[in-house]
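Biologist: Thanks for sitting down with me. Could you walk me through this model, one question at a time?

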Amino acid sequence: MEINQVYTKPINELLVELRSDLNKGLSNIEVQKRLNEFGRNIIQSERGKHPLKILLAQFNNLMVYLLLFAAAMSFWFQEYLDAIAILLVILINAVIGFWMELQAQRSMNALRKLASVPAKVFRDGKLIEISSEELVPGDVLFLESGDMIPADARIIQAAQLTVNEAALTGEAMPVEKHDNKLQEGTPLAERSNMLYKGTYVTNGNAKALVTATGMQTELGKIAHLVKSADQSATPLEQKLQVFSRKLIYITVVLVVLIFVVGLFTHGDYVEMLETAIALAVAAIPESLPIVATLALAQGMMKMAKHKVIVKKLSAVETLGGTTVICTDKTGTLTQNKIEVTQIIPTETNSIENKNLLLQIAVLCNTASVEAINNGFKEIGDPLETALLKYAYKQNIVKQNLERQFPKLKEVPFSSETKMMATLHKIQNKFIVFAKGATEEILNSSSHIFSNSGNVELTKQVKKEWKEKAYQLSASGLRIIAGAYKGAENENVPLLDNLTFAGLYCLIDPPAEDVFQAIQEAKEAGIKVVMVTGDHPATASYIANELQIASLEETPLTGKEMKPFDQLSDTDKNKWVNTSVFARVTPAQKLDLVVVLQEKGNIVAMTGDGVNDAPALKKADIGIAMGHRGTQVAQEVADMVLKDDAFSSIVYAIKQGRIIFKNIQEFVIYLLSCNMSELLVVSLAALSNLHFQLLPLQILFINLVTDVLPALALGVSEGNPYVMKHKPRNPAEPLLKDKQWYAVWFYAAVISVCTLGAVFISHFFIHTGAHFDPRLCNNILFFTLIFCQLFHVFNMASVNVSFFKSEVFRNRFVWYALIACLLIIGFAFFIPPVRTALNIQPLTAADWLVVLVSSLFSLLVIQLLKRSNIIQDED
């Protein structure tokens, strides 16, 4: 069903060729056929890395090359068992790395699906919302301001439609669109009757016929140009790289020292070379970026289950440092269950006036509702659906009224005008209906409805109605106004010389869990600022109810906010110290973000409109609304709230702090364990002791203690005090100086306890016996393993008791420890493995020394942490 030159053909001809219907769209049966024929509406470049590439990548790093060199040396000197064991270590490491990276990719793919763009289409005569991936050629789309265009489409009808096509043509300014056919050969950038996938609607609305999907779209044809380039490293990845480099320098110095000293003391340069390589591999946690990514991805999936879609890994780190939340009121702080409580006509007892207000509510409206099972299926803005439901209860159905008053033109609502208007035809006459903010409707009205005929709207009457709206708003109601005017023809301007008809009173009470969430944010050192386009009185009432601000604190209105380039330091300080902003435009939101950032704040900003996109992009964390947010806002945002709830923002910040804290914990754990191995081998070599860890033992310890406990720490639930301290500065390094000191201190304690176990065994258990290098080696080996396994409990917060800590109560930590013990048992009881690791049976007394020494290291570190002598947390 490939159709060429669609922009040159009349729309009726295209409808016939695509076997579609202007009003009904496609049937569900036909859609299934076309999905089978054309496939899903996706761009192939959006697919992730192939599993085979992920597997092969595990062998493409310096650590593997070093191990392969060590294996080759073992083969050369006929140490076949060592060589095979090293190759097995490489294989096991690769399998573990492959599994972790594959899980991380699957998690990220699942998140992308959750954040996929929806589309509004006509199917079987009904306007429904579907995933854009389910679109097929022949679908009839409905698009409005803020919508991402999900497929290539030919415009059927357009009302003041402008589209930003920068993603496709590079043209920064929005272009006007219409439904007229064009001449053959018209360049892509000038095809004003076409809409293209990947662009977005900046103003107006339209119906359009889908002509191409997926790889057949213009965007799909140039998919090689939009394939994801190598992403720049996130701040967290950069921090990991910085201290990994530090670690490499330290490791190189120690490894070279151990190798040189070993040559002079032992003389076996092959064994010393293998030891040096094993230490280098063990000391540098090459799996750290993968473990960190997996922890981030799993944390993001957890947030997704709570209706918070975090779209960027880097956003998780920034979340933990948020100092100011700038939040909208409607649907975020409130329940978003808007209901019309009453309508107030200009003539109180006039049936005609009330019917007129109902007609305005229904016809000047782009939403739709359908009565189902004692409720309503709603599509569109909650305020507009509330008006439709109120009219439905008065037996006024939108579809019936639209047949009597067919719509000819529309001026869509915008955050600048705060109004919308529609032009309708009734018999041979025309009528305009308008609704919007009370002040704007009154300012655009020249007359007021009266039973005796419309009369002039004087300044005094305007003032009285504005005061009435203010009083109603101060009681927590949301007030909008309705107006109309007759017209001689369809070319009249729609937003002036209106006749004021009355007010609509709507209620949207504060959400039940918002108060607690705001208190939690305050305890965490986060300031909550309400930024709304609503009436100042309504904003002040809700802010006082939620203790964002007191009634004595006057909201700062958009009219009082100077342009950014005219702000003095006094003005900026006033903005920073204000908690409620009302009647604010999107441009002023952007200015507010800049001012707050200039004062050193990390700003989270909510937004829902297409014009909110600049503020969302500028904010450190842009938060789009999932229910009422435009697709453009959701596209540029770092985070999408599927439930539009403020409590979800606070939950996300809490989870961001927990995730970052978990990453810090497993980094400290891995580094202190790896440094302890370096210190043990270094001290044994420099002291010329007759026992030492073998290369394969070092690799085995690294395999047992590195991966599983670290992964378990990465999914900790966090401690209850995570929201009791001030936000962390994202510019700080991953580990502060005190945490680096803690790493070295932990490593030193583990090393001393490990070496101490050997001497205790010799001088107190095997008194008078000659030093048995193999026995000493085994005690050293097992003590180091158990010290590191017990060390995982040292990663818990000292603000709670040991047995109630987040680590002790983390079931994954226990699963990891059990798995590690099973691996140790496997090594001990399988003869070839036992031989490769040079393990021999130990007496009960020796095992007691191993366990007591390991527990002693745990006890020493716990005592020093809880007495604040050593600190590893903020």
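Modeller: Happy to, and let's start with a strand pair: β13 (residues 407–411) and β14 run antiparallel and are joined by four bridges. Two strands pair here if DSSP finds at least two bridges between them, while helices (H or I, at least four residues) and strands (E, at least two) are DSSP runs, numbered from the N terminus. This is a predicted model, where local features need pLDDT of at least 70 and side-chain atom pairs count only at pLDDT 80 or more, while totals for chains, interfaces and linings use all residues. Residues are numbered from 1 along each chain as its sequence is written, and side-chain values use heavy atoms, with hydrogens and water left out.

Biologist: Which residue of β14 does K409 stand opposite?

Modeller: β13 and β14 run antiparallel. In that pairing, the residue of β14 opposite K409 is L423.

Biologist: Is β14 largely enclosed or not, and how many of its eight residues are buried?

Modeller: Buried means under 20% relative accessible area, exposed over 50%, and partly exposed in between (1.4 Å probe, protein chains only). β14 spans residues 419–426 and is largely enclosed by the rest of the structure, because the number of its eight residues that are buried is six.

Biologist: What joins β14 to β15, and which residue in the turn has a positive phi?

Modeller: β14 and β15 (residues 429–437) run antiparallel, joined by eight bridges. Across that pairing, K425 stands opposite F430, and L423 stands opposite V432. The two strands form a hairpin with two residues between them, and the turn residue with a positive phi, about 60 degrees, is Q427.

Biologist: Which strand is joined to β15 by eight bridges and holds I480?

Modeller: β15 is mostly covered, with eight of its nine residues buried. A437 stands opposite I480. The antiparallel partner, covering residues 477–487 and joined to β15 by eight bridges, is β18.

Biologist: Where is S444, and which residues is S444 in contact with beyond its neighbours within four places in sequence?

Modeller: S444 is in the loop between α16 (438–443) and β16 (445–448). S444 counts as buried because its relative accessibility is 15%. Contact means heavy atoms within 4.5 Å, and leaving aside those neighbours, the partners of S444 are M419, L495, D496, N497 and L498.

Biologist: How do the axes of α27 and α28 cross?

Modeller: Axes are lines fitted to C-alpha atoms, for helices over the stretch in contact, and angles run from 0 to 180 degrees between N-to-C directions. The axes of α27 (residues 773–791) and α28 (residues 811–829) come within 11 Å and cross at roughly 170 degrees. Angles under 35 degrees count as roughly parallel, over 145 as roughly antiparallel, 65 to 115 as roughly perpendicular and the rest as oblique, so α27 is, relative to α28, roughly antiparallel.

Biologist: Which residues make that contact, and how many are nonpolar?

Modeller: From α27 come F782, I785, F786 and L789, and from α28 come L817, C820, L821, I824 and F828. Ala, Val, Leu, Ile, Met, Phe, Trp, Tyr, Cys and Pro count as nonpolar, Asp, Glu, Lys and Arg as charged, and the others, Gly among them, as polar. With no polar and no charged residues in the contact, the nonpolar count is nine.

Biologist: What separates the C-alpha atoms of V667 and A710?

Modeller: V667 sits in helix α24 (residues 646–686) and is buried, with a relative accessible area of 0%. V667 and A710 are 43 residues apart along the chain, and their C-alpha atoms are separated by 8.0 Å.
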